[in-house]
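Please open the model in your viewer and keep a selection tool at hand, since this tour moves from one selection to the next and says what is found at each stop.

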Amino acid sequence: MPSIGAVRQVALSAGRDLDSTLAFWHDVLGLPLHSRFDPPGMAFIMAGDVRLYFADGVPAGTVYLDITEIESFHAAAKAAGVPFTAAPAMVHHDVNGLFGAAGESEWMAFLKDPAGNTIGLVERKTS
């Protein structure tokens with residue numbers, strides 16, 4: 001029987017301005033542009049081993065990215081004028097190790113890119 005492995009690609013909206021969406025993902029989040037095709041106006045950014053596909057006509061979506069030092073990223077990005085829809089907050093204390101190591105807490109912050117995609121930043125903390 002075939003098996004399904006890891007996520008390979010996620011499709012996200014580029015909105016009507018691919019340049020500003022790509023600039024946000026590179027300049028704010030620090031993710032590299034993998035490739036771009038004009039026409040038709042689509043691009044790929046790599047988030048680890050997962051391709052993020054950006055094109056106009058794709059509905060806005062949500063992607064969750066692992067991050068370290070979520071509070072310092074939030075402070076620096078907010079000081080640079082990046083609007084967050086939710087500041088870093090603990091969303092789950094994983095007593096039983098359901099989503100990672102037992103005893104860790106999961107912290108998240110949320111922001112949107114220029115195309116309206118939601119980015120959830122996730123950090124697992126031991127304290």
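What covers the buried residues of H2? Before colouring anything else, note that this is a predicted model, and then select helix H2, residues 70–79, where Ile 70, Phe 73, His 74 and Ala 77 are buried. Viewed down the axis of H2, these buried residues fall within an arc of 100°, so they line one face of the helix. An α-helix has 3.6 residues a turn, so residues three or four places apart point the same way. The cover over the buried residues of H2 includes helix H1 (18–28), strand S6 (84–94), S7 and strand S8 (118–125). Past the end of H2, select Gly 81, which follows the helix and has a positive phi, near 95°.

Now zoom out to the whole chain. The protein has two helices and eight strands, and along the sequence they are arranged in the pattern β-α-β-β-β-β-α-β-β-β. The C-alpha trace spans about 50 × 50 × 20 Å along its principal axes, and of the 127 residues 40% count as buried. Among the contacts with a separation of 6 or more, 50% are between residues 24 or more positions apart. If you wish to overlay an annotation, select residues 6–124, which UniProt lists, in an unreviewed entry, as "domain: VOC"; over this range the chain is 18% helix and 45% strand, and its end C-alpha atoms are 20 Å apart.

The next selection is the largest nonpolar core, which has 25 residues, and of these Trp 25, Leu 29, Phe 54, Leu 65, Ile 119 and Leu 121 touch the most other members. Two or more residues are given to this core by each of H1, strand S3 (42–47), strand S4 (50–55), strand S5 (62–66), H2, S7 and S8, and the largest share, four residues, comes from H1. In soluble globular proteins, nonpolar side chains tend to be buried together.

Continue to the aromatic rings, of which five pairs are counted. Display Tyr 64 and Phe 110, whose ring centres are 6.0 Å apart and whose planes meet at 85°, so the pair is edge-to-face. This pair links distant parts of the chain, with Tyr 64 in strand S5 and Phe 110 in strand S7, 46 residues apart. Tyr 64 itself is partly exposed, because its relative accessible area is 49%. Elsewhere, select Phe 37, Phe 44 and Tyr 53, which ring pairs link into a cluster.

Two polar side chains complete the tour. Is Ser 105 buried or exposed? Select Ser 105 in strand S7, residues 104–112: at 2% relative accessibility, Ser 105 counts as buried, and its side chain makes a polar contact of 2.8 Å with the side chain of His 93.

Finally, select Lys 125, which lies in strand S8. Lys 125 counts as buried because its relative accessibility is 15%, which is under the 20% cut-off. The side chain of Lys 125 is joined to that of Glu 71 by a polar contact of 2.4 Å. Leaving aside residues up to four places away in sequence, Lys 125 touches Ile 70, Glu 71, Glu 104, Ser 105 and Trp 107, so showing these residues together brings the view back to Ser 105 and to Ile 70, one of the buried residues of H2.

Notes: Residues are numbered from 1 along each chain as its sequence is written. This is a predicted model: local features need pLDDT of at least 70, side-chain atom pairs count only at pLDDT 80 or more; totals for chains, interfaces and linings use all residues. Side-chain values use heavy atoms; hydrogens and water are left out. Buried means under 20% relative accessible area, exposed over 50%, partly exposed in between (1.4 Å probe, protein chains only). A polar contact is a pair of N or O atoms within 3.5 Å; within protein, one must be able to donate a hydrogen and the other to accept it, and residues adjacent in sequence count only if both atoms are side-chain atoms. The arc is that of the directions from the helix axis to the C-beta atoms. Contact means heavy atoms within 4.5 Å. UniProt positions are given in the numbering used here, feature names are shortened, and annotations may be inferred rather than shown by experiment. A nonpolar core is a set of buried Ala, Val, Leu, Ile, Met, Phe, Trp, Tyr and Cys residues joined through side-chain atoms within 4.5 Å. Rings of Phe, Tyr and Trp (its six-membered ring) pair if their centres lie within 6.5 Å; planes under 30 degrees apart count as stacked, over 60 as edge-to-face and the rest as tilted.
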